[in-house]
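Work through the exercises below with the sequence and the model open. Each task is followed by a solution in steps.

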Amino acid sequence: MSIDPSIAAAVALLGGANAAVDRGLSARSIPATSSNDTGPVTWDKYSLMINGQRTFLFCGEFHYYRLPSPDLWRDVLEKMKAANYNAASVYFNWDYHSAKQGVYDFQGVRDIQKLFDIAKEVGIYIVTRPGPYINAEDDSTTDQGYTDAWMEWLSAVDPYFVKNQITQGGQIILNQIENEFGLSKDGRIYMQNLEYKFRDDGLKIPFTFNDVSQTRAYYEGVGSVDIYGQDSYPLGFDCSHPTVWPKSVQTNYRNYYNSLNISEPHYIPEFQGGSFDPWGGPGYAACGELTNERFAKVYYKNNYAQGLTMQSLYMSYGGTSWGALAAPVVYTSYDYGAPISEGRLLTPKYNEIKLQATFLHTATPILTTEYVNRSVPDNTNIVDSVLQSVQNGMPTAQFHVLRQVQTSSITKQDFHVNINITEGEYTLPQKAGTYVTLNGRDSKILTAGYDMSSHRLLYSTSELFSHSNVGSREVAMVYAYPGEYGETTLAIKSKATAKAYSGQISSNTSSSAIQINYQHSGVNPIVISSHGSPDLLLYVADYTEAVKFWAPEINNNTRVFVYGPYLVRDATLTGSTLYLRGDVNGTTQIEVAAPENVRQIRWNNQRVQAKQTKYGTWTATLGGPSSMSIPDLSKQQWKFSPASPETSPNFDDSQWTVASNNALGADKYGYHVNSLWYRGEFAGGSNVTGITLETQGGTGYGYAVWINGNFSGGFSGNSSVGSDTRTFAISSNSGKNVVSVLVFTVGHDEEGGTSDSFKHYRGLGNATLVGSSETITWKIQGNLGGEDILDTIRGPLNEGGLYGERAGWHLPGYPGDANWTSVSLPHQFGTPQVAWYRTNFTLNAPSGMDVPLGVQVTDSDRSTMYRALLFINGWQFGRYANNLGPQTLFYVPEGILNYHGQNTMAVAVIPLEKAAVKSPQITLKSYGTFTTDLTVTSVNSPAWSPRPGYQ
Ligand code: GAL
């Protein structure tokens, strides 16, 4: 052990990361990778280098644990790769893998080796972020023996990192230490101990840190990391005003990094990719709108303007906080308004990211730029950040990042830009009567003085997507919004011609340059020919069409251009056959620019009937998806059972855990998540008039109380209250009185600061009788087995303490429902009790299709207040809060849903506060229909088997 046990003991005593203490740990240098090392991951002040090659780190956050269907990890990683992300940043969630200290599980949906294997096959790097603390709107249940505990966690997870790091031929290039951890003397020791631990375990890759903002934490000194970075969420997390932006983007990233005086690339380990949304919030469509593709254009390009070459977008796929994964600040969906939606659909922001990331990986001089100035053109509403690339000490390409001074402005601005390249100074566009336009929230990167693959681009006032030599000629694409002017000028060796195969262009040629002018409209293929140079096929596209371009690499130096499909996962050239893999959502015309030796194109391994165009590309029509029939659950029979025998005074709770009157919180008894039952007994008498209960369950929680078998009300929660104290009237018997309390908890608090808020108790806090000082004897019951979970496949966060959960009624194959009452939904029943519903249905998906499905919960009546838990094949995939919302559609990934056979759905309705109980309506809904070559194997979903003490 590299940590002094006395430190471990002291930290254990104080508990928690924030209590790490300095006990004279001797100074020891950390054998870190450094920029002088010859290891595969190095860096300098400009950029990261991988195997010696400068690389823009275009990274996106993805949580495998929010998509418990490993074959879909491939889908998400392929979609990221297709947009030219080259890395995924991944939190590893301690409590997801560990039901209790000493027990770790990396199998099934927790199989992180499979994640690394898929990443390797897809060809995307991984940035590991194992915490120990991770935030991420995840629940956290760690309490005692913090140092021992985190050492144990890292000992369990590190071997996977060690064997999958790039030095071992794997995909992991960077490892983050902790998460937004505050700077303090003790903190430095804690950070250093974490680094020792990773190094001792064999991790050789560089260590990184994400500072919560510009707090200068751990960039130097004890506990510092190799590559420091600050997080940034410039629009914050309130999606309820989705069109309101701050007046201006943050413009001090460059100065801040420079002020640290470190020779490291400018890194933002978390830049806003979307936003989370609270219970009762406006919903993820609003978050997607707030952080839409215009946001991506303006804010991400501002990052590049400030010299950033390492950026990770949090989230890039959000997924689902299934089971009890969520912290109270979020509900089940963690869609996040991310570029790839919860149902794995591509959003307009995804397409914008594809345009940017493909450009950044193409135009590599952007990796070594110096800031020149903010050249103000002929419009003071526009700012032009000029970046001059320097290679081998010589100025090369120039990049002009243009945006409105007031970034929230929605006005249209026309202007000219000055460039200064080897060939001379120009004011652009040169053609009289035309101009560059920024229409409202837009930003453009103009590239000038830039050597493409075979042609020198003097400049383009359109934005460059990508270029590549494709066979004997070069292909490139430039774009702008429809109707905007564009001027592209190339250096040539002899007089050239430009021929447009559709659309209107004009061109001007001298012996050294050809200038082409156009207005963006649709897609115009233009072939530029001149003696002594290969041809250039220049696609001029408007934005609506530009987003349909894909430029997958067929080898390190060659991309092919594919226009049209919804998604192109990748391209491979074998002999004279070009294999394209991808998805379409309808009949799709495609155009492919491929090397001339290509004789055949196969789409998802099916030969396509391709025709050659006059300018040497191929066109073809891809067939769209057929339809999949989706069972109508509203027409289906459900089985119903009331399910809260705990409310009866005679219920046998002899197997329950005794809870101490002065420490009723559930964690102490090994019950950490979901629903909790308490039963309290007291002798009572006529002097007892009520009982005062203090409960706590996280914002959005609720509870219900029964006294001597009668429903006595409760609290139905709201999005800002996480605890409640109220008195319930009692007409008490003398003899035996029983209070039954059901607390529906929604996770532990996040630890944003140093308050140890993640340790706040869950369940019942305090209970006192009104009119008597008599003590109540309490018993508690959470999920069956507590930390010794019964269902190790679905894991520690899936089940709670409802009777039906303890008995396994949520599981497929529970035979007892044969004796339940048959009903149809919505279903009303009088007495306020927990109610369970079960049904089975069959899916029969055609092969070669991706049809993401969700469970739609409908209830327009707000007069009763309840939570409904949705279980699909035993997996808890939804917490519906009828009085809070906003979520009514609950995504269930293929793999959890069996698309080729029988499925079981169970719904538990938990009454809160108001008396009558009823079920909502439940149906299945599709998010879209795609053809694909993705295949998904169902995850292991064990069926019911008898549970001790239940039937
Ligand atoms: C960051 C944190 C992430 C996540 C995010 C908000 O500060 O590092 O884990 O919580 O905020 O979604």
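A residue counts as buried when its relative accessible area is under 20%. The model is predicted.

**Exercise 1.** Which residues of helix α4 are buried, and what lies at the start of the helix and after it?

Solution.
- Step 1. Take the helix as residues 112–122.
- Step 2. Apply the cut-off of under 20%. The buried residues in α4 are Ile112, Gln113, Leu115, Phe116, Ile118, Ala119 and Val122.
- Step 3. Look at the start of α4: an oxygen in the side chain of aspartate 111 comes within 3.3 Å of the backbone nitrogen of glutamine 113.
- Step 4. Look past the helix: glycine 123 follows α4 and has a positive phi, near 85 degrees.

**Exercise 2.** Describe the surroundings of the ligand, from its shell to its polar contacts.

Solution.
- Step 1. Count the shell: 16 residues surround the ligand, and the closest are Tyr91, Asn135, Glu137, Glu180 and Tyr336.
- Step 2. Sort the shell by class: nine residues are nonpolar, three are polar and four are charged.
- Step 3. List polar contacts. A ligand oxygen is 2.5 Å from a side-chain N or O atom of glutamate 137. For glutamate 180, the distance from a ligand oxygen to a side-chain N or O atom is 2.5 Å. With isoleucine 134, a polar backbone atom is 3.3 Å from an oxygen of the ligand.
- Step 4. Work out the cover: on its own the ligand has 310 Å² of accessible area, and the protein covers 93% of that.

**Exercise 3.** Into which domains is the protein divided?

Solution.
- Step 1. Read off the bounds: domain 1 (13–346), domain 2 (364–622), domain 3 (633–641 + 790–931) and domain 4 (645–781).
- Step 2. Compare centres over C-alpha atoms: those of domain 2 and domain 3 are 50 Å apart.

Terms used:
Residues numbered from 1 in each chain as written. Predicted model: local features only at pLDDT ≥ 70, side-chain atom pairs only at ≥ 80, totals over all residues. Heavy atoms only, no water. Domains from an automatic or database assignment. Near = heavy atom within 4 Å. Polar contact = N/O pair within 3.5 Å; in protein donor to acceptor, adjacent residues only side chain to side chain. Areas by Shrake-Rupley, 256 points an atom, 1.4 Å probe, with all protein chains shown as cover. Nonpolar A, V, L, I, M, F, W, Y, C, P; charged D, E, K, R; others polar. Buried < 20%, exposed > 50% of the residue type's maximum accessible area, 1.4 Å probe, protein only. Helix = DSSP H or I, 4+ residues; strand = E, 2+ residues; numbered from the N terminus.
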